Amino acid sequence: MAGEPQDDCLFCNIVGGQVPATVVRETATTLAFRDINPQAPTHVLVIPKAHHENAAALAAAAPELAADVLRETQAVAEDEQLDSYRTVFNTGSGAGQTVWHAHAHVIGGRGLEWPPG
């Protein structure tokens with residue numbers, strides 16, 4: 001069910017403390033941690049603590065929580081002293097989503113080309 005922790009979800013297990021992560025920020029509703037496979041000098045994931053399958057599902061079910069995630073992407077960028085950065089939500093396997101828990105990638109610290117990948 002949306003919002004409920006899923007036993008088989010990596011990010012739910014990080015939120016629950018069963019899987020370690022290098023946490024850089026935490027609020028009552030979000031968690032931000034370093035990506036284990038960084039694509040740039042700064043690569044941080046910002047997730048809602050509540051489980052939602054992807055960004056579209058999160059926005060539809062909990063728009064206030066989606067806004068919390070977006071606010072935290074900016075806070076991460078400020079903490080990391082990034083003057084420019086990219087925020088990415090991958091939705092669906094064809095877009096590169098591999099963990100089925102909504103998350104934003106905050107990527108920066110190097111030049112980022114367009115279009116991406």
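Here is a short back-and-forth about the cores, the largest pocket and the first hairpin of this predicted model.

User: Which helix gives the most to the largest nonpolar core?

Analyst: That core has 14 residues, and A32, V44, V46, L58, V69, V76 and V106 touch the most other members. Strand 3 (42–48), helix 3 (63–79) and strand 5 (104–108) each put in at least two residues. The top contributor, with five residues, is helix 3.

User: L58 is in that list, so what is L58 in contact with once its neighbours within four places in sequence are left aside?

Analyst: L58 is one of the core residues that touch the most other members, and V69 is on that list as well. Setting the sequence neighbours aside, the contacts of L58 are P48, H52, P63, L65, A66, V69 and A102.

User: How many residues are in the second, separate core?

Analyst: Its members include C9, F11, I14 and V99. As for the count, this second core has nine residues.

User: Moving to the largest pocket, which residues are the closest to its centre?

Analyst: The pocket holds about 720 Å³ of space, and 31 residues line it. Of those, the closest to the centre are D35, Q39, H43, N90 and H105.

User: Which element gives the most to the lining of the largest pocket?

Analyst: Elements giving two or more residues are helix 1 (10–15), strand 2 (30–34), strand 3, strand 4 (85–88) and strand 5. The one that gives the most, with three residues, is helix 1.

User: And how many of the residues in that lining are charged?

Analyst: The lining has 16 nonpolar residues and ten polar ones. That leaves the charged group, which numbers five.

User: Is V24 buried or exposed, or something in between?

Analyst: V24 sits in strand 1 (residues 23–26). To count as buried, a residue has to be under 20% relative accessible area, and exposed means over 50%. V24 comes out at 28%, so it counts as partly exposed.

User: What does V24 contact beyond its neighbours within four places in sequence?

Analyst: Q74 is 50 residues away in sequence, and its C-alpha is 13 Å from that of V24. With neighbours within four places left aside, the contacts of V24 are A32, F33, R34, V44 and E80.

User: Which residue in strand 2 is the bridge partner of R25?

Analyst: Strand 1 and strand 2 make a hairpin with three residues between them. The two strands run antiparallel and are joined by three bridges. Across in strand 2, the partner of R25 is A32.

Key:
Residues numbered from 1 in each chain as written. Predicted model: local features only at pLDDT ≥ 70, side-chain atom pairs only at ≥ 80, totals over all residues. Heavy atoms only, no water. Core = buried A, V, L, I, M, F, W, Y, C linked by side-chain atoms within 4.5 Å. Buried < 20%, exposed > 50% of the residue type's maximum accessible area, 1.4 Å probe, protein only. Helix = DSSP H or I, 4+ residues; strand = E, 2+ residues; numbered from the N terminus. Contact = heavy atoms within 4.5 Å. 1 Å grid on protein atoms, 1.4 Å probe; cavity = no way out; pocket = protein on both sides within 12 Å on 5 of 7 lines; lining within 4 Å. Points joined across faces, edges and corners; volume = space filled by probe spheres on them. Nonpolar A, V, L, I, M, F, W, Y, C, P; charged D, E, K, R; others polar. Pairing = 2+ DSSP bridges.
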